[in-house]
Structure formats: C-alpha cells, structure tokens
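Colleague: Could you take a close look at one part of this model for me, the place where the domains meet? I'd like the whole story in one go.

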Amino acid sequence: MSKSTDIAALFDQYVMSTYAPSATLSSGSGCKVRDPEGKTYLDFTAGIAVHNVGHCHPKVVKAIHDQVATLGHCSNLFFNASQALLAQRLSKLSLNGKCFFCNSGAEANEAMIKLARLWGHEKGKFEIITMQNSFHGRTLATIAATGQAKVQKGFDPLPIGFAYAEFNNLESVRAAINERTVAVMIEAVQGEGGVVPATEEFVVGLRKLCDESGLLLLCDEVQCGMGRTGKWFGWQNFPIKPDAFTLAKALADGIPMGALVASPALSDLFKPGMHASTFGGNPVSSVAAMAVMDVIEEEALVKHAADFGTLFVEGLSAFVEKYKQVLEVRGKGLMVGLVVDGPAKEVVEACREMGLLCCAAGESVVRFLPPLNIKESDLEEAIEMVGDALEQLYGEEEA
Ligand SMILES: *Cc1c(COP(=O)(O)O)cnc(C)c1O
C-alpha cells in the first residue's frame, strides 16, 4: 500500500467521499511535502492553515513525542499542568479571561454559541447574527451559523437562533438586531468565503454597535488566528477586543484541538456539568500548542507573516496587470486570495502540476496559506509557479 493510485482506490472503496482529494501525501518537512512516488510540492495549503510553523517542526515533534510517552491523556476529571499553562498563555496574549478546550473549530464555535446563549438566557436572548459567506463549521449549529446555503442544503430542519447580515456592512447588521439578539459573530478575514478581510470601519463600528445594543461581539479565529494575518489573532488588526473568540486549525499544529477564549465577564458562566469534552485540552494537544507558540515567538513569525504577506501580495499583483482573468489579490498577512474570472479549481490544478499546492475558497478565489516560516526563496519559487500556471491557462488569451 504505497502507491498513490492504490491509496486512492482504497479511499474510493472505504472512505466517504466528503472531500475530493487530488494528490497523495506521505511525508512533509517545513513548507515541502512529498507524495509516495517522491514528487515534492511546495505546500501553500499547510493542511488548511494548520501548519503555521511548517510540517514536522522538530520542537513540536519533540514536545508531542515526550508528552505522549509521559501522560498521553488523563481526561478533565483531573488537573494537568499543560492545559492550565496553555490557557494562561492564550489569555495573557488576548482577553485576560479564561479558556475552554475542545477538539475542532466547529466544536469551539459550538462552545462559543452555547456560552452566548447562556449569557443571554435570563433575558430571553439567544439569536446570533452571523455574516453572509461566513464559515463556522459542519455541525448542525455551525452550519446554521454559516451564512452559505450550500452547506445547509439537505440537512434541515436546522437549529434556530441565527440571523444573517452582510459582511462589511454595518447597517445590515443594525437592521438584523431584534429583541432576541444576543451576539454578532464574525471572522476578521473570511476564509472559506473567499479570503475577504473585514474593514476597520466595519469592525470598529460593530464593537460600538454591540456595546450600545448590549450584544456580545464574537470572533471566529479558527482560520485567521495564531499569527496567520500578521497578528496573533485576526481581530488584533483592529483597535477593538471581542468578548470571546475561538481557535483551532493552527493551534496545535495538526494535533486536533480547539479553544474558546473568553473575556473575564464571560469566564465564569459555565459551571461544572454545563459543557464538556473528553479529549479537550489533553496533555498532548496542550504541549503541542505551547510548542507552536514557542516557535512562533522564537522565530518571530507574527511579524514574518506580516512582512512576507506584503511581499507575496506584491509578487502576485503583477498577474493582475498581466492577465485580464486575474481580477484581484487580497488578504491579510499570509492569508492570501487570488480572485480569478473563471473556476479557481482550474488554477489550483495547474499550480499542483507545477509543484505548488494551494486550494480554492469558493468558486473563484485561489487561496494561499503557506507556513508562516516560509523562506524568501520558497516564496519566490511559489510566485513563479503561479505565474507558470496562469500562463498555461490564460497565456494565449493575453490581452
Ligand atoms: C475550518 C473552519 C472552521 C471549522 O473547523 P473544523 O476544525 O473543521 O471543525 C470554523 N471556522 C472557520 C473560520 C474555519 O476556517
């Protein structure tokens, strides 16, 4: 069982086809991955914004390895130092409150939704305003929260308690508020929705609107958190603080982990028995997350993401000039989208043939999420490969 074609055939027979994988990967190091036949790729998906410190970073590997050989899991029936130390670290970097740990982004958002409902319960408030084209996960509550019909289709009846507004349009949020509204939930940069950054005017306006209307402001940082946008957390690109936010993807470098991080005012609402997770915050994921944070600090990756994001956007912007089918380059830090007039999938496939892995975000946005410790030479190589892919697709039709 080592050839790509055999593995794909086995998937076909035994794994539900919720995804449509296009290549087989068998090993990785830094920003490079290999398939079983030995072909290497530059990985600008990074496991979908998971490997912010690159594949198999030796510090993270060692931390996981040592912990799993010491105490792999102990459940939350018992204290364990690593979970508390991780919570302290996340709290001090952000809201100075408390954390709850779980295993995925959807689950972290479920926890945030439950916390908001609990906060509003006595006043009969439960409805959360989310944004069109948002993405919050695949559980029933989080597909209801997600403002995209395509993720909801076929799964109704959906849980009630969500209303939708237009992203970056403060008036549309204002119009969606009613006596049941408890919170507004946003992504600082919409990821799956097409790499769309929130505007400062919108976020600052939202904070003010929430304060005036007695609503919580919630941020889903599952994709844009952990240094990705050139700040530790995407909301730190703006002069505001949310009341709570969620993390997952990059948090523990691929060891499944989600977190809900709350402000002090929300930190003591959950009482024993009200919310739980068997694996949540287990020692292995907690030490992995702390190792990730060590690496981000030691290698100054937050600043690196900001600086290299600028370089990358500059490099890609040349293609907007060159091809009429390339409409725009946008993003924040190393969360970058190339908007094309046509199927993004076509560009993703052409890039893969050139040796660069990237992914689509919606129909027409090619999304790049390289490891934050990418080297300049690798970034330049990636820009060249995107150029070759675009030339192959759009070259003859050049304006
Ligand atoms: C990926 C993602 C989620 C869902 O995370 P899972 O770990 O797949 O459940 C939620 N919100 C955002 C913004 C995401 O990008």
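Modeller: Sure. Let's start with the charges: between domain 1 and domain 2 the count is 1 salt bridge. Glu192 and Arg367 bring their side chains together in a salt bridge, at 2.8 Å from N to O. Keep in mind that this is a predicted model.

Polar contacts add to that picture. Across the interface of domain 1 and domain 2, 13 residue pairs are in polar contact, with both partners at pLDDT 80 or more. On the domain 1 side, the elements that give two or more residues to the part touching domain 2 are helices H2 (46-49) and H11 (301-322), plus strands S13 (326-332), S14 (335-340) and S17 (365-368). H11 gives the most, with 4 residues. Sort the residues on that side of domain 1 by character and you get 19 nonpolar, 7 polar and 3 charged.

Now for the layout behind all this. The domain assignment splits the protein chain into domain 1 (4-56 + 300-397) and domain 2 (58-298). Their C-alpha centres lie 26 Å apart, and the contact takes 29 residues from domain 1 and 32 residues from domain 2.

As for size, people often quote an interface as the accessible area lost when the parts come together. Here the area buried between domain 1 and domain 2 is about 2400 Å², and carbon and sulfur atoms give 62% of it. In domain 1, the residues losing the most area to domain 2 are Val302, Lys332 and Met335, which together make up 28% of what that side buries.

One piece of backbone deserves a look while we're here, and it belongs to H2. Most residues other than glycine have a negative phi, and most peptide bonds are trans. Ala49, found in helix H2, has a positive phi of about 60 degrees although it is not a glycine. There is also a cis peptide bond, joining Asp156 and Pro157, with omega about 5 degrees. Pro157 is found in the loop between helix H7 (149-152) and strand S6 (162-165).

Last, the rings. The count comes to 9 aromatic pairs. One of them is Phe233 with Phe245, a tilted pair at 4.8 Å centre to centre with 50 degrees between the planes. This pair links distant parts of the chain, 12 residues apart: Phe233 sits in the loop between strand S10 (216-220) and strand S11 (244-247), and Phe245 in strand S11.

How values were computed: Residues numbered from 1 in each chain as written. Predicted model: local features only at pLDDT ≥ 70, side-chain atom pairs only at ≥ 80, totals over all residues. Heavy atoms only, no water. Domains from an automatic or database assignment. Contact = heavy atoms within 4.5 Å. Buried area = accessible area lost by both parts, 1.4 Å probe. Salt bridge = Lys/Arg side-chain N within 4 Å of Asp/Glu carboxyl O. Polar contact = N/O pair within 3.5 Å; in protein donor to acceptor, adjacent residues only side chain to side chain. Nonpolar A, V, L, I, M, F, W, Y, C, P; charged D, E, K, R; others polar. Phe/Tyr/Trp six-rings, centres within 6.5 Å; stacked < 30°, edge-to-face > 60°.
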